[in-house]
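Biologist: I would like a close look at one part of this chain, namely how its helices pack. Please keep the answer connected and plain.

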Amino acid sequence: GTIQTTKDAYDRALEWKVATPSHVLNYASFLTEKKYFEESFAAYERGLGLFQFPHAGATLLWKNYLTDFLERYGGSKTPRARELFDRCLAECQSENASEFYLLYGDYEENHGLTKRALGVYERMCNAVPAAEKYTAYRLYIAKAIQYLGVTSARPIYEAAISTLGDGPASRICLEYAKMETGLRETDRARAVLVYGAQLADPRRDPDYWKAWHEFEVSHGNEETFREMLRVKRSVQAAFSTVNYNSAEMGAGAPKVETLTEESALEMIAKSEGVEVDSKKQPLIGGFVQGKRKAEVADLGEVERRAARLRQATAAPDTGGDEIDIDDIDDDEEEEEEPSNSAARSTTGVTEKAIPAALYGGLAPSTEK
C-alpha cells in the first residue's frame, strides 16, 4: 500500500478504538520516518486520549512523545515543551512521576533557566512517594550546590529533615553536619548533630553515634564530649520502650553470634586459668547444678541427725500440754506392729470372741 492507505488504516483503528499502545507507537514511528513530524505528534495525542493514567500504556506513550518532541525541536519551542511536561505531570501518578521530573529538570538545565530547573527538582521532592524522597532531596541538594553555592543548600537540608522519616532524616543530618564542618562552622554542625540524635536509636543506627563520636574527638573538648554522652543516655532511655522485630534489628544492627553455655564456661576457665571437668558440667541445658552437694549416703544417718537435732532443740522444762515428738514416734511404731492373736489381755481388760449369732448369714463356717 501507499503512505496514504497506511495512514487511513491506522486512523480507522484509532477511530474505532481498537488500537493498542503498540499500534500508536508504530503509527507515530512510521510518520516520523516519513518526515510527518506534526502528524506523528497528533497520533500521540490521539493515543493519549484512549490510554490515560493509570493505564500502563500512558507512561510508555508520554515517554516516547516527550523524547521525540525534544529530539525534533530541542530548545526552539520551550513554551510548548513546558506545556507538555506540565500536562504529563498533572495527570501522572506519583509512583511514575520521578522519571518525568528528571527529564523535565534536565531540559530546563540545558534549554531553560536554572531557577526553573531547581523549581522542578523541588516539586519532585514533594510529589514522589515516601520511599524515593531521600534520593530526590539528595539530588536537589546537589543541584543547588552546583548552581547556587554551598550555603544555598541549608534551607533544603532543613526542609528534608522536617519531611523525611527518622532513618533518612538522621542520614541527612549527618550530611548537613559534614557540610557545616567543611565550612568551619563547628557550632552549627554540633547543633545539627544534637537535633538529629533524637531521631537515631543507638540500637539500630550505630553509625550515627560513631560519626558524632569522631566529630567530638576531632573538633570538640571534654565538655562537649560529656554532653554527647549525656544526650546518648537520654536517647537510649527514650527508645528503651520501643520494641523491634528480629528483621528490623538485623537490618540496622550488626549480627552477634550466640554464646552457648559450654563456650561461656570455657572462656571463663581460660581467663581464670582453671581446667573445666566436662563430667561436672550440667547435663541438661538451661539448668545449673547447685553449689552444695549431699554429704549423707544412707537414710540411717539422716534419722540419727534428726534425733540429735530434736534433743538439742527440746526445752528443759516442758509443760503438760506440750507434745513429745519421741513419744509420738514410739506410739506410731507400736501401732504398726501386726497382731496375730484373736484375743489379747491388757491391764484390767480381757478380750473375748464375738458370738456367731451377730454375724447372721455372714458367720464363718466352723463345720469341717
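At what angle do helix α4 and helix α5 pack, and how far apart are their axes? Please set the answer beside the start of the chain.

Modeller: The model is a predicted one. Helix α4, residues 56-73, packs against helix α5, residues 78-91, at an angle of about 170°, and their axes lie 11 Å apart. Angles over 145 degrees count as roughly antiparallel, and α4 and α5 are therefore roughly antiparallel to each other. On the α4 side, the residues that meet α5 are W62, Y65, L66, F69, L70 and Y73. Their partners in α5 are R80, A81, L84, F85, R87, C88 and E91.

Now the start of the chain. Helix α1 covers residues 3-15, which is 13 residues. From its first C-alpha to its last it reaches 18 Å, close to the 18 Å expected at 1.5 Å a residue. K7, A13 and L14 are the buried residues of α1. Seen down the axis of α1, these buried residues fall within an arc of 125°, so they line one face of the helix. The cover over them includes α2 (21-33) and α3 (37-50). After α1 comes K17, whose phi is positive, near 60°.

One of those covering helices, α3, can be described as a pair with α1. The axes of α1 and α3 come within 11 Å and cross at roughly 20°. Angles under 35 degrees count as roughly parallel, and the crossing angle therefore makes α1 roughly parallel to α3. From α1, the contact is made by K7, D11, L14 and E15; from α3, it is made by E39, R46 and L50. K7 and L14 thus appear both among the buried residues of α1 and in its contact with α3. The crossing of α1 and α3 is left-handed.

As for the whole protein chain, its secondary structure comes to 17 helices and 0 strands. Of its 368 residues, 27% are buried. Taking contacts between residues at least 6 apart in sequence, 47% join residues at least 24 apart.

A single pair of residues farther along the chain can be added. T114 is found in helix α7, residues 114-127. Residues between 20% and 50% relative accessible area are partly exposed, so T114, at 33% relative accessibility, counts as partly exposed. T114 and A144 are 30 residues apart along the chain, and their C-alpha atoms are separated by 9.4 Å.

How values were computed
Residues are numbered from 1 along each chain as its sequence is written. This is a predicted model: local features need pLDDT of at least 70, side-chain atom pairs count only at pLDDT 80 or more; totals for chains, interfaces and linings use all residues. Side-chain values use heavy atoms; hydrogens and water are left out. Helices (H or I, at least four residues) and strands (E, at least two) are DSSP runs, numbered from the N terminus. The expected span of a helix is 1.5 Å times one less than its number of residues. Buried means under 20% relative accessible area, exposed over 50%, partly exposed in between (1.4 Å probe, protein chains only). The arc is that of the directions from the helix axis to the C-beta atoms. Contact means heavy atoms within 4.5 Å. Axes are lines fitted to C-alpha atoms, for helices over the stretch in contact, and angles run from 0 to 180 degrees between N-to-C directions. Angles under 35 degrees count as roughly parallel, over 145 as roughly antiparallel, 65 to 115 as roughly perpendicular and the rest as oblique. A crossing is left-handed if the near helix is turned anticlockwise from the far one by less than a right angle, and right-handed if clockwise.
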